[in-house]
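Let's take a walk through a protein model, one piece at a time. Keep the 3D view open and follow along.

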Amino acid sequence: LFAAVEMAPRDPILGLNEAFNAEKNPAKVNLGVGVYFGDDGKIPLLAAVKAAEKARLEAQPPRGYQPIEGTPAYNGAVQNLMFGKDSELLAAGRAVTCQCLGGTGALKVGADYLKRLLPDASVYISDPSWENHRALFEGAGFPVKEYAYYDAATRGVNFAGMKAALAAMPAKSIVVLHACCHNPTGADLTVAQWKEVVAAIKERNLVAFIDMAYQGFADGIKEDAAALDLFAASGLQFFVSSSFSKSFSLYGERVGALTIVTDSKDESARVLSQVKRVIRTNYSNPPTHGGAVVAAVLSSPELRQMWEDELGGMRDRIRAMRTSLVANLKAEGAPNFDFINVQRGMFSYTGLTAAQVEKMRADYGIYAVGTGRICVAALNTKNIGYVAKAIAAVLK
Ligand code: LMR
């Protein structure tokens, strides 16, 4: 049965963790996976999460099955966070939300449902995009193509190219967009550009699938949902995958959500019934703990404030690391890296080649994604000098 099975390549991101764990260099640094570490080099357990977990442990709730789509408390909290609690779209019952296994799980449920709805469509992802987007949509049976996005020369968005690509897409194509903190480039659209994207999607009759894994990591919770506000106001139907892995530092709990915006309450009920079939035949219903913790934090004014402060702290620390990396690189005599201060979110697309990334790994035990993406949120006051020295050295 297995004699002819070939070894699959390592995952380009999570596979780095496996290699990093086996790395012998005592000075090793993992800038591969998108995980936030504190200045102490550890993944934080947020105080708001700790408080909600303590209360939950004391309440000793039974561990029955959750509803297929997750609980109303969690799904409602997700919707309020994305669209604001006074949203007209929500009041009209136009949004359907299902708790899913992280942002990846939400993308997969959405992709499987879309395959039933639009079996002949193509999916368009940004060039470049998160490594898993292509594999995930291809795995769901779609041909995956790219639209122009990043301009290596300006280190910004090639917006003219993106608009031209949107204008050439066949009707009913699925367009995967990054709401904020574009992964891997850190180059985001401005609000004015988002307006044009929404208009193009409407005009071409495309289906937007918005991936929002980093809400709160660029400018703030509300600010980072600006694209969603525009989509909500447009009257379009669209998909959103969202995640609390990063914003709640709950990576391993797999807490995410798929939200689908329809035309009406009646449509929402029918769509939900179909998405539930996708979930039921996949993993039946979501796990309890992470979603319950997030719902408890978001529904308590006190814990929510605590969480927002902690999220703000993570955002500020990432910014400080950006500034410090640029200064350290300057001190090491590296070429100009000022663009790192302009990029947003956890990542920096450094421009390092695959060969330079490999040299950093071999000579310094520093791990980055082969495309040159580094996770700025893994830098700290102790490793930043070492990382800057390594980058400057491999560039020589
Ligand atoms: C990343 O891009 O590193 C994160 O989103 C983690 C992942 O699942 O790839």
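## Two helices with a buried side

Start with helix α8, where the buried residues are Val197, Val198 and Ile201. These three cover an arc of only 100° around the axis, which puts them on the same side of α8. Before going on, keep in mind that you're looking at a predicted model.

Why does that one-sided pattern turn up? An α-helix has 3.6 residues a turn, so residues three or four places apart point the same way.

What do the buried residues of α8 pack against? Their partners are α7 (159-168), β7 (174-178), β8 (207-212) and α9 (226-234). Now swing the view round to the face of α8 turned away from its buried side, and you'll find the exposed residues Ala192 and Glu203 there.

The length of α8 can be checked too. This helix runs over residues 191-204, and at 1.5 Å a residue its 14 residues should span 20 Å; the end C-alpha atoms are 20 Å apart, which agrees. Right after α8 comes Asn205, with a positive phi near 60°.

Helix α14 tells a similar kind of story. It has twelve residues (384-395) and reaches 17 Å from its first C-alpha to its last, close to the 16 Å expected at 1.5 Å a residue. Its buried residues are Val387, Ala388, Ala390, Ile391 and Val394. They cover an arc of only 160° around the axis, which puts them on the same side of α14. Among the elements that cover them are β1 (29-30), α12 (301-331), α13 (354-364) and β12 (366-367).

## Two domains and a core

Zoom out now. How is the chain divided into domains? The domain assignment gives domain 1 (14-45 + 303-395) and domain 2 (65-287). Their C-alpha centres lie 27 Å apart. Where the two meet, 20 residues of domain 1 are in contact with 19 residues of domain 2. On the side of domain 1 that touches domain 2, the elements giving two or more residues are α12 and β11 (347-349). The residues on that side divide into eleven nonpolar, five polar and four charged.

Next, look at the inside. The largest nonpolar core has 119 residues, and those with the most contacts inside it are Ala208 and Ile210. The element that gives the most to this core is α12, with eight residues. Both domain 1 and domain 2 take part, each supplying at least three residues.

What does Ala208 touch, leaving aside its neighbours within four places in sequence? Its contacts are Val175, Leu177, Ile201, Phe231, Leu236, Phe238 and Phe239. You've already met Ile201 among the buried residues of α8.

## Odd spots in the backbone

A few places deserve a closer look at the backbone angles. Here are two peptide bonds of the cis kind.

| Cis peptide bond | Omega |
|---|---|
| Asp127 to Pro128 | about 0° |
| Asn183 to Pro184 | near 20° |

Pro128 lies in the loop between β3 (123-127) and α6 (131-139), while Pro184 is found in the loop between β7 and α8.

The loop between β7 and α8 also holds Cys181. Phi of Cys181 is near 55°, a positive value in a residue other than glycine. Is Cys181 buried or exposed? Cys181 is buried, because 26 other C-beta atoms lie within 10 Å.

Lys172 has a positive phi too, near 70°, and is likewise a residue other than glycine. You'll find Lys172 in the loop between α7 and β7. With 14 other C-beta atoms within 10 Å, Lys172 is partly exposed.

## Two more loop residues

Let's finish with a pair of stops in other loops. Asn341 sits in the loop between α12 and β11. With 14 C-beta neighbours inside 10 Å, Asn341 counts as partly exposed. Not counting residues up to four places away in sequence, Asn341 touches Arg322, Thr323 and Val326. Take Arg322: it is 19 residues from Asn341 in sequence, yet the two are 5.6 Å apart in space, C-alpha to C-alpha.

Finally, there's Lys42, in the loop between β1 and α2 (47-59). Lys42 counts as exposed, because it has 9 C-beta neighbours inside 10 Å. The C-alpha atoms of Lys42 and Gly102 are separated by 21 Å, with their places 60 residues apart along the chain.

How values were computed. Residues are numbered from 1 along each chain as its sequence is written. This is a predicted model: local features need pLDDT of at least 70, side-chain atom pairs count only at pLDDT 80 or more; totals for chains, interfaces and linings use all residues. Helices (H or I, at least four residues) and strands (E, at least two) are DSSP runs, numbered from the N terminus. The expected span of a helix is 1.5 Å times one less than its number of residues. A residue is buried if 20 or more other C-beta atoms lie within 10 Å of its own, exposed if 12 or fewer, and partly exposed in between; C-beta atoms are placed from the backbone. The arc is that of the directions from the helix axis to the C-beta atoms. Two residues are in contact if their C-beta atoms, placed from the backbone, lie within 7 Å. Domain bounds come from an automatic or database domain assignment. Ala, Val, Leu, Ile, Met, Phe, Trp, Tyr, Cys and Pro count as nonpolar, Asp, Glu, Lys and Arg as charged, and the others, Gly among them, as polar. A nonpolar core is a set of buried Ala, Val, Leu, Ile, Met, Phe, Trp, Tyr and Cys residues joined through C-beta atoms within 7 Å.
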